[in-house]
Amino acid sequence: MTDTTSSARGGVPERPSLDGLEETWARRWQEDGTYAFDRTKERSDVYAIDTPPPTVSGELHMGHVFSYTHTDTVARFQRMRGRTVFYPMGWDDNGLPTERRVQNVYGVRPDPALSYDRDWRPPSAPVDDAARKNPTAISRRNFIELCELLTVEDEKAFEALWRRLGLSVDWSLTYTTIGSAARAASQRAFLRNLARGEAYQAEAPTLWDVGFGTAVAQAELEDRERPGAYHRLRFTGPDGREVLIDTTRPELLPACVALVCHPDDERYADLVGASARTPVFGVEVPVRAHPLADPAKGTGIAMVCTFGDLTDVTWWRELRLDTRVVIGRDGRLLPEPPAGVPAAPYAALAGQTVNGARRTLVELLADAGDLVGEPRPITHPVKFYERGDRPLEIVSTRQWYLRNGGRDAGLREELLARGRELRWVPEHMRHRYEHWVGGLTGDWLVSRQRFFGVPVPVWYRLDDTGEPDWSHPLTPDEATLPIDPSSEPPPGYEESQRGVPGGFTGDPDVLDTWATSSLTPQIVGGWETDPDLFARVFPMDLRPQGHDIIRTWLFATVARSHLEHGALPWHTAVLSGWILDPDRKKMSKSKGNVVTPMALLEQNGSDAVRYWAANGKPGMDLAFDPAQVKVGRRLATKLLNASRFALGLGAADALRAAATQPLDTAMLAELSGVVATATTAFDGYDHTAALMATEAFFWRFCDDYIELVKERAYGTGPAADSARAALATALSVQLRLFAPVLPFVTEEVWSWWRYGSVHRSPWPTTYEVGRAMEAPGDPELLRLAADALGQVRRAKSERKLSMKADVPLAEALGPAAVLDQLGAVADDLRAAGRIAKLDLLPDRTTELVIACAF
């Protein structure tokens, strides 16, 4: 990698400006292939990034700008370090978010019972609330086509913003999680999991989102505080004994299958092994003991229903209780009572919503005299799907699961070991991974009852009565992937045999979006389709992502890679924090405090916004601060103007000359330290520390060194040549140090006087800076000269004089050793301070003092 290409130098413009740089350089980078991945390089020369594919279901926000800027600084640094960077971009466009967006934009809903209508066309413009509340039913295929149409448009908008931000991705590597390659990889991985016994199907209690009509995995849950009420119900024990139960869900009374108390609770010890009768329904249920029962909660004895919450599932499974399901997939009570429950009292509940059934049952309890006291209002945590707006129910369904260590201690330990093998930035994030893996209570539910997703790639034989043979799924050959069982027959069958006895039926479900996203390294790396590429990029070097999806994306990717390849999918994971609003609250669409970035980018420039983002360290939250963006624009503007000034002095022609004067070598010696600091910081994924060190030096360079040296640099002779050489080296090095964070302005300045792209030039080294000095320099000398000049400036300011005012006499007082150092830069100090005569008076004071006489 060199900085010599066919690109010509542009020369220094008369009036440099930040305006328009994004359009100019984004186009040039694309035309020149500046960020193209070179697939001829050996694996040791490749730096591969597993870029997060953003969900294409709305607008990008400042949180995206924040975290993706961090990743881009890594990519740019590694490219300048001599690596060919594999930096793809993907779009996560399948799953519930896309479906909901399509439903809201076009006012439609999918109905699998409808036939495909090739002439159907969506509304030409987004619909109103009335159309959303009364959506038009369309076929599954029409709905999927609409999803594909909208995601293409969203992806164009996303790409435009990323290009505006200056992400140095190779756009030829773009993929989508619903694209053909992703579907094939996802189905291939699933079929291999199935063949190895890691994927299996089971009829079991399932967390169910009523609004979306689909199963939900453990990793997608969140607790939300909701109002509720405790109702005290009177059960009847042996010999008519009163047994009081507190519950927040009285509507599940017909689903009650047992009462449970703690084994050590003496209040109910004599009841264990006996039975009690439910109020209203009079169903006899057993009384059991279990350690999860909390003696201090309510009355200390609880009713077990199938199913009210996850604890009910645990009790049901471990105590081997009966099953009485009353809530259907639509969130309403089933039309018929479960076995053993009398039909007469249940009839009042049949078909009602959960809330309606609760009100009705409370009335029935009150009428029967079995509601003790008034309901007691409470606020308690309720389980929700993270994207849903209705509390989850638990229904019994047949689903596909993938083993993840939740029920396999051996696999759990293997995945924990993978977590210890991975490099975490920051390191403490590893504990979140371990906490999640250690707390898993079941395997990963990967099937979803939705439409726009990767189909589960299996079929089932139908017996002579038309019932599916669930235990022996029919699978396709990998060479035929991707396939859709709903529209393609299995091997050995014809489409005419679909749905008829002795024929087949396709699995109607799709895979969870994480089941595909967990394979991003394999999808973009060409797993099984491009072995040469896969060998060059896998395992990848970096996974950048948010800390809030460690339990989903990171863990799932580790698990899939471990099962398929017996290895980690990448060597390092860098976790980003959240963006907070000015009140330090997390930005979210639901709170209405999200800032969208495009207007900010257009108003302040992309470099300014990137500067703000780079001030956030990995793993740390950052408040959005418009003032910090303005600081970034001021920095970019100063870089333009300072570069123009230095090049105007002739620095470009002195690039490879050596600095000989003490002040020049002092500045370069300090710059060498900055190079070392920034390099170490970037190697440790600390872009913030690298930026802080570079920026602090830059302002000293502008405010102190240039002011001290500019009079000399205007002249001729060896001393002037030294100044111009030092300016050239300093400018070249600083442009490269800033390049990962401020790509547009650094490329612009680089084009004025250097060939090629700054982003393809070598990262600066201490050796390079040292080679530009005739003799080693002392950084303290620059600081001393700057201190002296600062005192002269203050003296003028206190007298309200111009900085160009002459100083007839200045006396420098201080320790002899300090004044000896000052003597080495006395000529520059006199010129910069416009001092006619400078006297050095040693040992008059303990610190340097510059006394000016006017």
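Asn-604 is placed in helix α16, which spans residues 598–604. In this predicted model, Asn-604 has a relative accessibility of 7% and therefore counts as buried, the cut-off being under 20%. Leaving aside residues up to four places away in sequence, Asn-604 touches Val-629, Lys-630 and Arg-633.

The protein as a whole contains 26 helices and 29 strands. Its C-alpha atoms fill a box of roughly 110 × 65 × 55 Å along the principal axes. Of the 854 residues, 55% are buried. The exposed area is about 35600 Å², and carbon and sulfur atoms supply 50% of that area. Among contacts with a separation of 6 or more, 78% are between residues 24 or more positions apart.

Two helices illustrate the packing. Helix α20 (residues 687–713) and helix α24 (residues 779–798) meet at an angle of about 85°, and their axes lie 10 Å apart. The angle makes α20 roughly perpendicular to α24. On the α20 side, the contact is made by Asp-703, Asp-704, Tyr-705, Glu-707 and Leu-708. On the α24 side, Leu-782, Ala-785, Ala-786, Leu-789 and Arg-793 take part. By class, this contact has 6 nonpolar and 4 charged residues, with no polar ones.

Helix α15 (residues 550–565) is mostly covered, with 14 of its 16 residues buried. Gly-566 follows just after α15 and takes a positive phi of about 65°.

Strand pairing was examined next. Strands of a sheet pair through backbone hydrogen bonds, in either a parallel or an antiparallel sense. One open sheet has 4 strands in the order β8-β7-β16-β18, and its pairing is antiparallel. The edges are β8 (214–215) and β18 (444–445). Each edge strand has a single partner, so one side of each is left without a neighbour in the sheet. Strand β16 (residues 393–402) pairs with β18 over 2 bridges, in the antiparallel sense. Within this pairing, Leu-402 has Trp-444 of β18 as its bridge partner.

Strand β9 (residues 221–236) pairs with β15 and with β10. Its antiparallel pairing with β15 (residues 376–385) involves 10 bridges. Here Glu-225 has Pro-381 of β15 as its bridge partner. The pairing of β9 with β10 (residues 242–247) is also antiparallel and has 6 bridges. Arg-232 is bridged to Asp-246 of β10. The hairpin of β9 and β10 has 5 residues between the strands. In that hairpin, Asp-239 takes a positive phi near 60°.

Two cis peptide bonds precede prolines. The bond from Leu-481 to Pro-482 is cis, with omega near 0°. Pro-482 is placed in the loop between β20 (459–461) and β21 (504–506). The bond from Phe-538 to Pro-539 is likewise cis, with omega near -5°. Pro-539 sits in the loop between α14 (531–537) and β23 (540–546).

Positive phi also occurs in loops at residues other than glycine. Val-280 has a phi of about 65° although it is not a glycine. This residue is found in the loop between β12 (275–277) and β13 (284–289). With a relative accessible area of 27%, Val-280 is partly exposed. Glu-528 has a positive phi near 70° and lies in the loop between α13 (520–525) and α14. At 45% relative accessibility, Glu-528 counts as partly exposed.

Methods. Residues numbered from 1 in each chain as written. Predicted model: local features only at pLDDT ≥ 70, side-chain atom pairs only at ≥ 80, totals over all residues. Heavy atoms only, no water. Axes fitted to C-alpha atoms, helices over the stretch in contact; angles between N-to-C directions. Parallel < 35°, antiparallel > 145°, perpendicular 65-115°, else oblique. Contact = heavy atoms within 4.5 Å. Nonpolar A, V, L, I, M, F, W, Y, C, P; charged D, E, K, R; others polar. Pairing = 2+ DSSP bridges. Buried < 20%, exposed > 50% of the residue type's maximum accessible area, 1.4 Å probe, protein only. Areas by Shrake-Rupley, 256 points an atom, 1.4 Å probe, with all protein chains shown as cover.
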